[in-house]
Amino acid sequence: MKYDFTSIMSRSGHDAIAIDEIGKNPGFAPEAPEEGYDVIPMWVADMNFSTVPTVQEAIIERAKHPAFGYFSPRDEYFDSIIRWQVCLIYPAVLFYSVSRCR
């Protein structure tokens, strides 16, 4: 699969902390640049390129179901983590966790 790392997309107005929160939340979001300098949106693990279409398709397909409550992960959940890690991880030691920041 080929990835597009060259196209520039606008992140403004799409909940991107590195763009929309500049200078608004000290200690959490980037500080505003000094006068005469442009914003360079560099943030830990922030992606400024589009995700692969298969990720969007999977999210859209899941969102078609009207219930968004708690669930028990299926084997596919664990299998995808194992494939992603590219190492042997036993499903018994993995668990699903719902957490909330702030």
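This report walks through the fold, the pockets, a surface patch and the charged pairs of the structure above.

The model you are looking at is predicted. Its secondary structure comes to three helices and zero strands, and reading along the sequence gives the pattern α-α-α. How many of the residues count as buried? Of the 102 residues in the protein, 10% fall in that class.

**The largest pocket**

A good place to start exploring is the largest pocket, which holds about 720 Å³ of space. Its lining is made of 15 residues, and those closest to the pocket centre are Ala 58, Arg 62, Phe 71, Arg 74 and Tyr 77. Two elements give two or more residues to this lining: helix H2 (53–63) and helix H3 (75–85). Which of the elements gives the most? That is H2, with five residues. Sorted by class, the lining of the largest pocket has eight nonpolar, three polar and four charged residues.

**The second largest pocket**

Next comes the second largest pocket, with a volume of about 170 Å³. Here 13 residues form the lining, and Tyr 3, Asp 4, Ser 50, Thr 51 and Val 52 are the closest to the centre. By class, this lining divides into eight nonpolar, three polar and two charged residues.

**A nonpolar patch on the surface**

Tyr 3, just met at the second largest pocket, also takes part in a nonpolar surface patch of about 450 Å². Its partners in the patch are Phe 5, Met 47 and Phe 49. If you want to find Phe 5 in the viewer, look in the segment before helix H1 (17–20). Is Phe 5 buried or exposed? Phe 5 counts as exposed because its relative accessibility is 55%, and the cut-off for that class is over 50%.

The segment before H1 also holds Asp 15. The backbone of Asp 15 deserves a glance: its phi is near 65°, a positive value in a residue other than glycine. Asp 15 has a relative accessible area of 73%, so it counts as exposed too.

**Charged pairs**

Side chains of opposite charge can pair when their charged atoms come close. In this model the count comes to two salt bridges, and the table sets them side by side.

| Basic residue | Acidic residue | Closest N and O atoms |
|---|---|---|
| Lys 64 | Glu 61 | 3.4 Å |
| Arg 74 | Glu 76 | 3.6 Å |

How do the basic partners sit with respect to the surface? Lys 64, which bridges to Glu 61, has a relative accessibility of 60% and therefore counts as exposed. Arg 74, the partner of Glu 76, is exposed as well, with a relative accessible area of 62%.

Arg 74 is a handy residue for tying the picture together. It is one of the residues closest to the centre of the largest pocket, and it forms a salt bridge with Glu 76. Tyr 3 links two other topics in a similar way, being among the residues closest to the centre of the second largest pocket and one of the members of the nonpolar surface patch.

Notes
Residues are numbered from 1 along each chain as its sequence is written. This is a predicted model: local features need pLDDT of at least 70, side-chain atom pairs count only at pLDDT 80 or more; totals for chains, interfaces and linings use all residues. Side-chain values use heavy atoms; hydrogens and water are left out. On a 1 Å grid over the protein atoms alone, a cavity is a set of points where a 1.4 Å probe fits but cannot get out, and a pocket is an open set with protein on both sides within 12 Å along at least five of seven lines; lining residues have an atom within 4 Å of a point. Grid points are joined across faces, edges and corners, and a volume is the space filled by probe spheres set on the points. Helices (H or I, at least four residues) and strands (E, at least two) are DSSP runs, numbered from the N terminus. Ala, Val, Leu, Ile, Met, Phe, Trp, Tyr, Cys and Pro count as nonpolar, Asp, Glu, Lys and Arg as charged, and the others, Gly among them, as polar. Patches are made of residues with over 30% relative accessible area and no salt bridge: like charges are joined within 9 Å, nonpolar side chains (Val, Leu, Ile, Met, Phe, Trp, Tyr) within 5 Å. Accessible areas come from the Shrake-Rupley method with a 1.4 Å probe; for residues, only the protein chains shown count as cover. A salt bridge is a side-chain nitrogen of Lys or Arg within 4 Å of a carboxyl oxygen of Asp or Glu. Buried means under 20% relative accessible area, exposed over 50%, partly exposed in between (1.4 Å probe, protein chains only).
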